[in-house]
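Please look over the two chains shown below, with attention to how they meet and how far the coordinates can be trusted. The questions that follow take these topics in turn.

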Amino acid sequence: MKGKILLQLFCTFFKIGSFTFGGGYAMLPLIEREVVDNRRWISQQDIVDILALAQTAPGAIAVNSSIFIGKKVAGVWGALFAVTGMVLPSFIIISIIAVYLHKYGDNVMVAKALKGIRPAVVTLIILAVLRMGKSAVYDKITIIIALAAFILLIFGGISPILVIISGGMVGVVHTLLWPRKEVKNRDVD
Amino acid sequence: MLIRLFISFIKIGLFSFGGGYAMIPLIQQEIVNQGWLTTEELINIISIAEMTPGPFAINSATYIGIIQNGILGAVISTVAVVLPSFAVVMALSTIFARYREHRLLSGLLYGIRPVVVALIASAALLIAKTALVADDVVEIRSIIILVLSFFAVKRFKVHPILVILGAALLGVLIY
């Protein structure tokens, strides 16, 4: 019985992992449909909590969600099978692409195509800044944190890890000093 | 080599809040500055990650691992980048109910989220330097692709995969 569930977890997340283009938030509806509607492993209420928590842990949201759901359905082994299913499609595809790109990256046509792609990647990242900025930077404190972090990262040569830790500490101190002030806990998008 | 890959990706996995692009500055520090990858190659990985299924974190770990040390390197890097998530999620799911609404946790996120935005913004700047500047001169053709792709996504809601394919085609035609 347990073996069957583990296999189902693996297959379900292999399917989800195969269709999550662009990563992250694009796949949350797919997870919901597979896990709540099709498999009925998790209730609608629980999936909201799980997805919210998956966003607070470090790492990719897709990966975190698979670990949470796997654990809830079938314990540690469930988590292991779910996360393996989630990661394997990317792993296989990227391994193949990496080998070929490394071989043909010097080809003139490929080099030109890659050069054309680069400015488009800048665009996609700028759009991500705008999108996330709206939900994460919305009052005086968060504006100051964002600006200070940006300056430290660009001009200070300070490790991103230190900047993240400092930001978290400022947030905690702020909450301790003004405990009654409602801290908005909006979802990052 | 394998051990260094493992340690670097444990760090990247542990501090990649908000997923995706926010980890670019950390990859720059851990991977590019070690000489394992050029910024051009990093941008290639980002484009490939956009066009293939799966999270960016996994894609980049697998890609860098396989180039550095073959299939074994890919396995080690991918496992390393997932491991911190696995440990944290395991711990969190046990104390799930008690801490979800805890104000210290929400305070922590309140402070980290603006940093994530700053991380992505600094990634944009870093990538722009390599993508738009050639021999200390800003490439007009690259700026044109930048502006066109921005409007394609923002105004006309073109899917990012199509934008990347279009940019590749333009690149072949104009460079």
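Q: How many residues of chain A are in contact with chain B, and what is the area buried between chain A and chain B?
A: In this predicted model, 90 residues of chain A are in contact with 89 residues of chain B. Carbon and sulfur atoms give 79% of the area buried between the two chains, and that area is about 8300 Å².

Q: Which three residues supply more than any other three of the area that chain A buries against chain B?
A: The share supplied by the three residues is 8% of the area that chain A buries against chain B. They are A:Pro58, A:Arg118 and A:Ile164.

Q: Which side chains meet in a salt bridge between chain A and chain B?
A: Between chain A and chain B the count is eight residue pairs in polar contact, both at pLDDT 80 or more, and one salt bridge. With an N to O distance of 2.9 Å, the side chains that meet in a salt bridge are those of A:Lys115 and B:Glu139.

Q: Why does the distance between the end C-alpha atoms of helix 5 of chain A agree with the expected span?
A: Helix 5 of chain A covers residues 108-136, and because its 29 residues at 1.5 Å a residue should span 42 Å, the expected value can be set against the model. The end C-alpha atoms are apart by the agreeing distance of 42 Å.

Q: Which element of chain A has the lowest mean pLDDT?
A: The mean pLDDT of chain A is 84, and among its elements helix 6 (residues 140-156) has the highest mean, 93. The lowest, 75, belongs to helix 3 (residues 44-56) of chain A.

Definitions and conventions
Residues are numbered from 1 along each chain as its sequence is written. Chains are lettered from A and ligands numbered from 1 in the order in which they are written. This is a predicted model: local features need pLDDT of at least 70, side-chain atom pairs count only at pLDDT 80 or more; totals for chains, interfaces and linings use all residues. Side-chain values use heavy atoms; hydrogens and water are left out. Helices (H or I, at least four residues) and strands (E, at least two) are DSSP runs, numbered from the N terminus. The expected span of a helix is 1.5 Å times one less than its number of residues. pLDDT is the predictor's confidence in each residue, from 0 to 100. Contact means heavy atoms within 4.5 Å. Buried area is the accessible area (1.4 Å probe) that two parts lose on being put together, summed over both. A salt bridge is a side-chain nitrogen of Lys or Arg within 4 Å of a carboxyl oxygen of Asp or Glu. A polar contact is a pair of N or O atoms within 3.5 Å; within protein, one must be able to donate a hydrogen and the other to accept it, and residues adjacent in sequence count only if both atoms are side-chain atoms.
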